[in-house]
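Biologist: I would like a close look at a single part of this model, namely the salt bridges. Please take them pair by pair, and then turn to the strands.

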Amino acid sequence: MIFVIAALGILSSCAKEAYEDDQEQTAICLTVDVPETKASIFDSPASLNNPDVGGGDFAVYAIISGNTSATGNIFMNDVRVNYFPDAGDWRFMDKKGQYVNFYWPLGDERLDFFAHFPLNPEDAGVSEISLQPDGPSFKFSLPLHSYDASAVRNADRVSSKTPNQEGLREFVYSYVPAQSKETQNADPANPGIKMNFSHPFAAVSFHLGQSYRMTLHDITLTNIKYEGIYSFDEGWSVDFTVDGQTGRPKVGDLWIEVEKGIPTPINFHSPIGGPYLVAPQALDNESYLNVRYTRLDGATETKSVALNALGATKWEAGRHYVYTLGLGNNEEEI
């Protein structure tokens, strides 16, 4: 089962008095818009202000459009934008925590803007962000394992030092090139540069279909790509690289501990894992879903099936994929 959720919310980032400066100085204003992909993460305008999911602050960069100079094109570099609840808008903030204005260039230069939630991208598995004349890019390394930190007894699978998705924040980005004072004021009723945030990653979840009684131990997705570079090239695309050379990306296993008896305490059709963030990727013949379980007769077995045989042959950015496990009509089937 595949579904896409598209909920939009718009918040403004510019106080009206910012336009009352003299004609030589026009304040830069941003409006914020974000679609939903993961249940409960950035799923509404209010979630953008929720610090528990990385909201409340985001970072913005800007360079002068068309300027290829490595040092002379930077206009804004990793500037904090904060939601000001008393005014109900977003405002630039300096390192001292004071609200400040940024102003458009006095000439006719246009600006390319790039922004991201959360403010600290490392909380979302993202690093080495840059904005170049041909668009932004960033490196990512998504932690694959998911488990209860107190249940690391499966030493052959995970350890206390294994990266996991517990507490991983969603990452969303916005890129709007060639903006100017004129485009900012194109809509007098809602002035501002429209920062339309998108999700560069996909999400996967697991539900339980009707089943016979057994003990379900864990679910593992094998041979999943998890590290690479996300870059802008005629629209967003995933370009996996290793040591700067395009090639086969790093792969690993997404391991999900369940360790519960079925049908109790798990109800039929209930979620049993996820959502988990994954890199957009084609699902090849080496990508498998594995379910480890114990039957009523005490035999522990593993059922494996190719992921690309389950309906989706690829995971696309901004989509949420739900896999439902049908555990058969007896204790020998999954």
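Modeller: A salt bridge here is a side-chain nitrogen of Lys or Arg within 4 Å of a carboxyl oxygen of Asp or Glu. The model is predicted. By this rule the count comes to nine salt bridges, and three of the pairs are described below.

One of them joins K139 and E128, whose side chains meet with 3.4 Å from N to O. K139 belongs to strand β10 (residues 135-141) and E128 to strand β9 (residues 126-132), so the pair ties together parts that are eleven residues apart in sequence. K139 counts as partly exposed because its relative accessibility is 34%. E128, at 54% relative accessibility, counts as exposed, the cut-off for that class being over 50%.

A second pair is R292 with D218, where the closest N and O atoms are 2.8 Å apart. This salt bridge links distant parts of the chain: R292 sits in strand β21 (residues 288-294) and D218 in strand β14 (residues 214-232), with the two positions 74 residues apart in numbering. R292 and D218 are both buried, which places each of them under 20% relative accessible area.

The third pair is E301 with R295, with the closest N and O atoms 2.5 Å apart. This salt bridge is part of a network, in which R295, D297 and E301 are joined by salt bridges that share partners. Within the pair, E301 is partly exposed, since its relative accessible area is 30%. R295 has a relative accessible area of 14% and is therefore buried.

Now to the strands. An open sheet is built from six strands in the order β7-β6-β5-β4-β8-β11, and the pairing is antiparallel. At the edges stand β7 (99-100) and β11 (172-179); each has a single partner strand, so one side of each is left without a neighbour in the sheet. In general, strands of a sheet pair through backbone hydrogen bonds, either parallel or antiparallel. Within this sheet, β4 and β5 are neighbours in the order. Strand β4 covers residues 57-64 and strand β5 residues 74-84; the two run antiparallel and are joined by six bridges. One residue can be followed across that pairing: D57 has N82 in β5 as its bridge partner.

To return to the salt bridges, the three pairs vary in burial: R292 and D218 are buried, whereas K139 is partly exposed and E128 exposed. In the remaining pair, R295 is buried and E301 partly exposed.

Notes
Residues numbered from 1 in each chain as written. Predicted model: local features only at pLDDT ≥ 70, side-chain atom pairs only at ≥ 80, totals over all residues. Heavy atoms only, no water. Pairing = 2+ DSSP bridges. Helix = DSSP H or I, 4+ residues; strand = E, 2+ residues; numbered from the N terminus. Buried < 20%, exposed > 50% of the residue type's maximum accessible area, 1.4 Å probe, protein only.
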